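Have your viewer open and your selection tool ready. We will go from one stop to the next, and at each one you will hear what to select and what to look for.

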Amino acid sequence: MPTKPLKTANPSARLPTLLKQVFGYDAFRPLQREIMEASLHGRDAVAILPTGAGKSLCYQLPALVRDGLTVVVSPLIALMKDQVDQLQAAGVAATALNSSLDEKEARRRWNDLEAGRIKLLFVAPERLLMADFMRNLVRWRVDALAVDEAHCISEWGHDFRPEYRRLVSVREVLPNVPVLALTATATPRVRADIITQLKLVEPSVFIASFNRPNLTYRVKAKERAATQVVEFVRARSDSAGDAGIVYCQSRKGTEAVATALTAKGIAAAPYHAGLDASTRARHQDAFLRDELRVICATVAFGMGINKPNVRFVIHADLPKNIEGYYQETGRAGRDGLPAECLLLYSRGDVAKYLGFIAEMDDLDARRVARTQLDKMAAFADASACRRVELLGYFGEIRSDRTCDACDNCIDPRESFDATVDAQKFLSCVLRILQKDGFGVGLQHVADVLAGADTEKIRRWSHQTLSTYGIGKDRPRTAWLSLGRQLLQSGHLAQSQGQFPTLELSASGVDALRARTPVMLVKSVVAVDDLDPSVDPKAKSKAALKAGAIECDEPLFEQLRVVRKSLADARGVPPYVVFSDVALRHMARSYPSTRSEFLSVPGIGERKYTDFGSAFGSAIEQWLQSNKRVEFAALDAAPRAKSTAPRKAKAITLNETATQTLAMFREGHAIESIAGMRGLSASTIEGHLSAAIEAGEPFTRDEFMSRELAQAIDQAFASERGNSLRAVFEKLEGRASYGLLRISLALQTRTQPPTESVR
């Protein structure tokens, strides 16, 4: 399906001029220009950019270069309205069609589209896919299609929306229109699914660093969540403009936290699906307009929020997966100014979620949920740099192992002697392997140690093991935490794949046989069952504030008042007028002339015309009674300690996987390696699959016959969209699950899209 480039010798030549004239910026952010140029030259593209990295500009600015219409698929009405408000404030002809419009307003916007007066149209996938609507697209001369929040198209994403899957039908109506898919969170698996489901043709894939250098990450023991939230917010009461979001897993939790904040004089309100639509809209609007300082919300809140001056995000409960945590924390500091992310963590949250997961009927869904929860809990338990752990989840490896902007780097926790408990855990793993000849997962080992009575324990007679119940004096969540720490310390290894199992590493074997001491880092939880000496109230040092803009703070607050008045008069949120970044630059440079105002980031021609006079008068009046403050020059582009470019598919193999790889390279078959190492064949296959994803140069001929490879390809083609189990059953046992994963890994690597990985 060919795409059509713009009929201009160099369609991207006007981009820098329009960037300054319309949006008020002198330079592009990383990858923005490359993404725009690929799209303007008619290529399909995928852009994976973190929240706050300027994804929207990647389709907004090219729309001004194109002659026709750019259609933007957006999942939420609030998100559409926010973008349209900001574009119109910058003088761009943008509109949205959705169910919130009355008949008269809908007709007016429809007429503008018919007359060709609109450059950008925002529409939900459900409306776009209507037959009548798609027929109109042909008449409206669509030059580009942008799919925002593209991770919604993948069942492996955290916000899967089935209607996104049907967007491929739009390509059949507009076969020569380039498609740009954009998202902030996409693992390699989700990225591949986006390309497949949208049928993108040889797409350019742009992957920016997932690092948000202006965010500080902290995890604290959860004791009394509402009280802790109040204390955190009150400690920042020196600036009433410090808005924040508190995420709770339950509706009751949002109500309790909002009530506690309000009782202390902090303007706060709840937001959850149990409130009626008008109340939710009122609370959201008040938050966007800086009339509420804190919104206490379930995960129902956030995707449609583009408020740039959110200075903190608090998770009062443990998120269910890392993707959700990353996206929710990403709503802090979208303007690039410093912001804080606090996670309140307790083992009780883990136990509660495990109870919910156990009630799931779908076994595959249960396994996925448990795996995601394990990884989230491992992040909370981690003693290493939070940023390194978080970025590593998305495949991004940092050369610098510290960031100076997370609790573990700012105030490292003390270590303690965990030898006795580690020996119990390691011994339990070994006893199970010796008895059954196969490994089990972390959850099951914790069950055995805690003396649980489960169906699996009875089926495998694990109640007869010598290690059964030797840890029943502590809750199983304590053993789960210890198991994660032993994985992080390298005493345990975990197989790759859908059903990860535990095995002892060389250092784990030494801890058992040679009684080598095991030193672990004290847990972050308030009462650590394995080390009761943890002090949960240890004070942290001040973190590096990447992106801070020093300015005349009293003037900044006065300019906020002016901005609020102008925004209220227009019926838009204050940030639509100017961002905090623009106000801070004004409060340090005191602009008075047109050229001085246009040199402020975020002030384009239209905004200067509409608002320059009001802010110029406010600054002039301020200087009549206040002394001008002089400031040192700002760095052109503030950055965190390390911004080393990341490598594609950067995966580090653990010790046991490296050993398997070496043996396979020596010519040993998978079954032979499994026998020699006392591991299952599926575990060995998991090691090799991980090696392929890490970039090891394998071909399928090294693992299977050409006939079997062809059969696997045919099975995947016929069972597209179904689970791995469906493919396995289709092949009637001719290929193991491990071989299927190896085949998938090889296909993903040997048939890649054109990538620009930054």
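Start with the sheet. Select its six strands and you will find an open sheet, paired in parallel and running in the order E8-E13-E12-E9-E11-E10. Now colour strand E8 (215-221) and strand E10 (268-271): these two stand at the edges with a single partner strand each, so each has one side without a neighbour in the sheet. If you step across the sheet strand by strand, the twist averages 15 degrees from one strand to the next.

Stay here and pick out one pair. Strand E9 (residues 243-247) and strand E12 (residues 310-315) run in the parallel sense and are joined over five bridges. Which residue stands opposite His315 in E12? Select Tyr247, and you have that partner.

Before moving on, colour the chain by confidence, as this is a predicted model. The mean pLDDT of the protein chain is 84, with 87% of its residues reaching 70 or more. Two stretches deserve care. Residues 636-651 have a pLDDT below 50, and this stretch has 35 contacts in the model beyond near neighbours in sequence. Residues 750-758 also have a pLDDT below 50, and there the model has 24 contacts beyond near neighbours in sequence. Coordinates predicted with low pLDDT should not be read in detail.

Next come three helix pairs. For packed helices, the description rests on the angle between the axes and the distance between them.

Show helix H16 (residues 363-381) together with helix H22 (residues 476-489). Their axes come within 10 Å and cross at roughly 75 degrees, which makes H16 roughly perpendicular to H22. To see the contact, select Arg370, Asp374, Ala377, Ala378 and Asp381 in H16, which meet Arg476, Ser481, Arg484 and Gln488 in H22. What classes of residue make up this contact of H16 with H22? The residues divide into two nonpolar, two polar and five charged.

Move along to helix H19 (residues 419-436) and helix H20 (residues 442-450). These pack at an angle of about 105 degrees, and their axes are 10 Å apart. H19 and H20 are therefore roughly perpendicular to each other. On the H19 side, display Lys424, Phe425, Cys428, Val429 and Ile432; they meet Leu442, His444, Val445, Val448 and Leu449 in H20. Colour this contact by class and you should find eight nonpolar residues, one polar and one charged.

For the third pair, bring up helix H24 (residues 553-570) and helix H26 (residues 580-589). Here the axes come within 9 Å and cross at roughly 130 degrees, which makes H24 oblique to H26. The crossing of H24 past H26 is right-handed. Select Glu553, Leu555, Phe556, Leu559, Arg560 and Arg563 on H24, then Asp580, Leu583, Arg584, Met586 and Ala587 on H26, to show the residues that make the contact. In this contact of H24 with H26, six residues are nonpolar, none is polar and five are charged.

The last stops are in loops. Zoom to Arg117, in the loop between helix H5 (103-114) and strand E4 (120-123). Leaving out residues up to four places away in sequence, Arg117 touches Ala93, Asn111 and Asp112. Try a distance label too: the C-alpha atoms of Arg117 and Gly68 are separated by 9.5 Å, while the two residues are 49 residues apart along the chain.

Finish with two backbone torsions. Lys199 lies in the loop between helix H10 (188-197) and strand E7 (204-207). What is the phi of Lys199? It is positive, at about 50 degrees, although Lys199 is not a glycine. Then go to Arg515, in the loop between helix H23 (506-513) and strand E17 (519-521). Phi of Arg515 is near 55 degrees, again a positive value in a residue other than glycine.

Note on methods
Residues are numbered from 1 along each chain as its sequence is written. This is a predicted model: local features need pLDDT of at least 70, side-chain atom pairs count only at pLDDT 80 or more; totals for chains, interfaces and linings use all residues. Side-chain values use heavy atoms; hydrogens and water are left out. Axes are lines fitted to C-alpha atoms, for helices over the stretch in contact, and angles run from 0 to 180 degrees between N-to-C directions. Helices (H or I, at least four residues) and strands (E, at least two) are DSSP runs, numbered from the N terminus. Angles under 35 degrees count as roughly parallel, over 145 as roughly antiparallel, 65 to 115 as roughly perpendicular and the rest as oblique. A crossing is left-handed if the near helix is turned anticlockwise from the far one by less than a right angle, and right-handed if clockwise. Contact means heavy atoms within 4.5 Å. Ala, Val, Leu, Ile, Met, Phe, Trp, Tyr, Cys and Pro count as nonpolar, Asp, Glu, Lys and Arg as charged, and the others, Gly among them, as polar. Two strands pair if DSSP finds at least two bridges between them. pLDDT is the predictor's confidence in each residue, from 0 to 100.
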